[in-house]
Amino acid sequence: MYTTVIGLEVHVQLATKSKLFCGCSTAYGAEPNTQTCPVCIGMPGSLPVMNEEAVALAIETGLALNLQIAGFTKWDRKQYFYPDLPKGYQISQYDLPITHDGWLEIEDPKGAFEPKKVRILRAHLEEDAGKSLHDEAAGKGDTLIDLNRTGTPLLEIVSEPDLRSAAEAKAYLTELRLLLTYLGVSDCNMQEGSLRVDANVNLHIPSDDPDAKDGKIATPIVEIKNMNSFRAVERAIEYEAERQHREWKETGRRLGQSPKQTRGWDDAAGVTRAQRSKEESSDYRYFPDPDLAPVAITAAEVDKVRERLIELPAAIRQRLVADYGLSLYDADVIVNQGRPTVDYYLTVADQSGDNKLAANWLTQDVLRTLKSQEIGIEQFAIPADRLAGFVKKVSAGDLPSSRAREVFDAMLDSGADADAAMESLGITQVDDSEIDALCQELLAANPKVVADVQGGKQQAIGALIGQAKKKNPNIDPGKFRQTCLELIAKG
Amino acid sequence: MTLVESSAAELLGQLGAGETSSREITQACLDRTESHDAQVGAFLRVDADAALAQADAIDKRRAAGETLGPLAGLPVAVKDLLCQQGEPTTCASRMLENFRPPYDSTVVAKLREADAVLLGRTNMDEFAMGGSTENSAFQPTRNPWDLKRSPGGSSGGAAACVAAGMAPLSIGTDTGGSIRQPSAFCGVVGMKPTYGRVSRFGLVAFASSLDQVGPIAGSVTDTALLLDAIAGHCERDSTSLDVAKPNYLQDIDKPLDGLRLGVVTEHFGKGLDPEVESAVRAAIAAYEGQGAEIVELSLPHSKHAVATYYVIAPCEASSNLARYDGAHYGYRTEERAMLAQLQADRKAAQEAGDEQALDDIDTALVRMYRQSRSEAIGPEVKRRIMLGAYALSAGYYDAYYLKALKVRRLIRQDFDQAFEKVDLIIGPTTAAPAPELGQFDNDPLGMYLLDLYTVSANLAGLPAMSLPCGQSKSGLPIGLQLHAPPLEEARLLRAARMFEQSGAWETKRCEL
Ligand SMILES: [Zn+2]
């Protein structure tokens, strides 16, 4: 069996208010060409001026991805002709990226693969191009250009080929997106093109060929472009691995025997397609952009960014497991919801004093509600401190767990706290003497049940619980059962 | 003395004293242009009404006692490479024939702030590439001293209009000598400031790391006056130097004490016209007469300057000019004809069964790029784009571009070392007086050698200026060039003024 070897290039739109080299807005969805100025559309005579916030966000991301921050970095021009590239070149970073050599750890709570550190080669800044709108409906083959996106800051994060399966690739992308959204450096909205993925894929096939390195033969590398969902990345990788294996069996062609190929992913057809050699052959003629001075980044500047660095998903997971006693699975579910949910959980756990119960209510009832209402935790009707009060009551037995769900629903509807919700439902604390009296009354009225229990059939008590609840809806069924058993035992 | 013969400084004095008005001066320049520019071809466009309206407005404000800018009422001609809001900014190219920028370049904005009258747009070599102003897509400019000759380039129109008395002041740009060389050929004063001293915002880029805007005028003082108005830090240009601007006029008439002048051995070698050499030697003697110490020195890497320049400048140009692709700016080929031709080409290849030819045929997009660029860009610009694209391409980058960058550093080091020993470097601006028109039609390399003495300053980012220091027997101006360390424009101007005041050579106006 072969090994699939995958490296990913992820383009992330940084969450700056303005573009990389001008003051134009980066907001999504405006009328075409309304967010442009002479600088970002490369009008003759215009000059770029660097956005320092973009540099800070790149450094912040670099620190979070364990990357080295370059002390000296510069801007280069990547040159090619394309209608959505108004200057005829893209300002990017070639040989001296702002950050390099780091890693991101991935782990599957379900254990589908071993935890691993995926090495990251570099993460560099560049400006985005515009968008071509092909007006084919008109039958004229006209192409319209929208340059709103032109000059938007992107961070291109390039991994080493350390990923070994579509599942690992997806885990890497998921963890990367989570980390970037935690940092707030990007909204990572794939529909809006804030996160785009290219994958480099080839196979290592075991072989006893004397030329095989470490007993393996590598197939030529294929770059798959144009993937706009994690699902597409997974499918494309799986498809491509099979295709390469088939091709290898047919041609026996190895790495180095044909140039790197570029293929596009056709999501509807579920296949990758070769692009014409003309489309893929490129000599970008990189050279340093003479309009922009190189950037020197001092240790003090890096420290300033480091200070604002927040706790990252992996560390929070660890904390939830180690300090809150949660399972890795629960910790993962909570962390993957994003930082606001983590904060919500921490409040509920800390204030209720029952970490596990807090996690159960959050990962089940709360998340289910959010999903059905299609809202985020910020819009959730029960604030964290109220849910904490609720959990505390359940945990202490002040609220019978049989009726907790009713109280939760009432809190959800009215926004009330647990006390008010219980009151509205007529749930009050039943004291032990009341339970005692009720047990005695019902046992006396049901000698058969007593006899059955004495004969070893403890579940016979169940028949009394319904009657007990009818007499006092606030009664805790567990407590009632326990008291009955004790009374019968005493005789 | 008529208005067109007066210096800008004299005109300012007359304006201040109420002896003349901006309208009178502007009208005199317009009249002079009207009567002589059909021959000279210095201007691409003059908007007389707009200029007079500006002049009137300034006269009115002066009459009302308002505080006015330092160039108040003086006409200034601007090279057609600097964006002026709403005005065609063609760069003397068919490609930008219809380009009207929606913004002012920083230099034009500063001229407006200084209350100058924007007189018109001067001719140039297309996209500032060339040394003769014959590479303009619209018209050649002729040297007002001898209409059979070139005014030099690429700021030929900017230098010629001052020499011909059509404007007291003009703005040029200098990428490899494009201010100094035409200034020398036309007998006027021109300066390339330190790289980053004057904003490049709104200057249509030729070679970004070399381009610099500078003043051209009839005298050293006028040059200082204009430089003072346009220099200074600009936030819209990342390469602009963030340093305070001195007042260039303040000490201009004070001679420099103990001046040490470097004379570069390599500047007086083979190929230097004897008449130019003797004029420059006489100028050096005049400085000695004023107490300057002459120090012989060598700039060993200067012999590589032209070769280095002709790698770096085309590389940057090939990139800067990529935006003129027919899709975004300027000229686009006639699409219907293009598509019909493309279809015919395909059909022909199909009928011939020529698979290879069929495969080689452009897509409509590529054909549009190719045809738009090939139709609208002139031969000299094409030549340089090709040179640059080649030098930057994979496999040649290290051998050409990177090597050139290394030599560029060595050239700068030579200057740094030289300026440890001397205050200024003195020598010829050009190896010979103005060439005849058409001389370089089949000799692009010969034209490139016109930049022999001027390109080093651009490669090293230094300020340098040219001022008249004599005339050939046939009556052609000869230019003296001074180089200074970075940001020492004031030193340059004072030294130039010393020569002007020495009486060794009286700057003459040409007769038309
Ligand atoms: Zn913009």
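How many salt bridges does the count come to over all chains? In this predicted model, the count comes to 65. A few of these pairs make a good starting point for a tour of the structure.

In chain A, the side chains of A:Arg405 and A:Asp409 form a salt bridge, with N and O 3.3 Å apart. Both residues belong to helix 11 (residues 401–414) of chain A, where a spacing of four residues places them about one helical turn from each other. A:Arg405 is partly exposed at 35% relative accessible area, and A:Asp409 is also partly exposed, at 28%.

Chain B offers a salt bridge that joins two helices. Here B:Arg23 meets B:Asp56 at 2.8 Å, N to O. Because B:Arg23 sits in helix 2 (residues 22–40) of chain B and B:Asp56 in helix 3 (residues 48–63) of chain B, this contact ties together parts 33 residues apart in sequence. The relative accessibility of B:Arg23 is 34%, which counts as partly exposed, and B:Asp56 is partly exposed as well, with a value of 30%.

Another pair in chain B is found in buried surroundings: B:Arg121 and B:Asp80 are both buried. Their closest N and O atoms lie 2.8 Å apart in a salt bridge. This pair links distant parts of the chain, 41 residues apart, with B:Arg121 in strand 3 of chain B and B:Asp80 in the loop between strand 2 (75–79) and helix 4 (106–113) of chain B. Salt bridges also form a network, linking A:Arg77, A:Asp289 and A:Asp291 with B:Arg200 and B:Asp237.

Strand 3 leads on to the sheet of chain B. This open sheet has 11 strands in the order 1-3-2-4-6-5-10-11-9-7-8, and its pairing is mixed. At its edges are strand 1 (43–46) and strand 8 (293–297) of chain B, each of which pairs on one side only. On average, neighbouring strands of the sheet are turned by 30° against each other, direction ignored. Strand 1 of chain B runs antiparallel to strand 3 (residues 117–122) of chain B, and three bridges connect them. Within this pairing, B:Phe43 has B:Thr122 as its bridge partner.

Elsewhere in chain B, B:Tyr390, B:Tyr396 and B:Tyr400 make a nonpolar surface patch of about 290 Å². One of these, B:Tyr400, belongs to helix 14 (residues 398–421) of chain B and is partly exposed, with 36% relative accessible area.

Turning to the domains, chain A is assigned domain 1 (9–198 + 279–303), domain 2 (313–424) and domain 3 (432–490). A distance of 68 Å separates the C-alpha centres of domain 1 and domain 3 of chain A.

Notes
Residues numbered from 1 in each chain as written. Chains lettered and ligands numbered in written order. Predicted model: local features only at pLDDT ≥ 70, side-chain atom pairs only at ≥ 80, totals over all residues. Heavy atoms only, no water. Patch = residues over 30% accessible without salt bridge, like charges linked within 9 Å, V, L, I, M, F, W, Y side chains within 5 Å. Areas by Shrake-Rupley, 256 points an atom, 1.4 Å probe, with all protein chains shown as cover. Salt bridge = Lys/Arg side-chain N within 4 Å of Asp/Glu carboxyl O. Buried < 20%, exposed > 50% of the residue type's maximum accessible area, 1.4 Å probe, protein only. Domains from an automatic or database assignment. Pairing = 2+ DSSP bridges. Axes fitted to C-alpha atoms, helices over the stretch in contact; angles between N-to-C directions.
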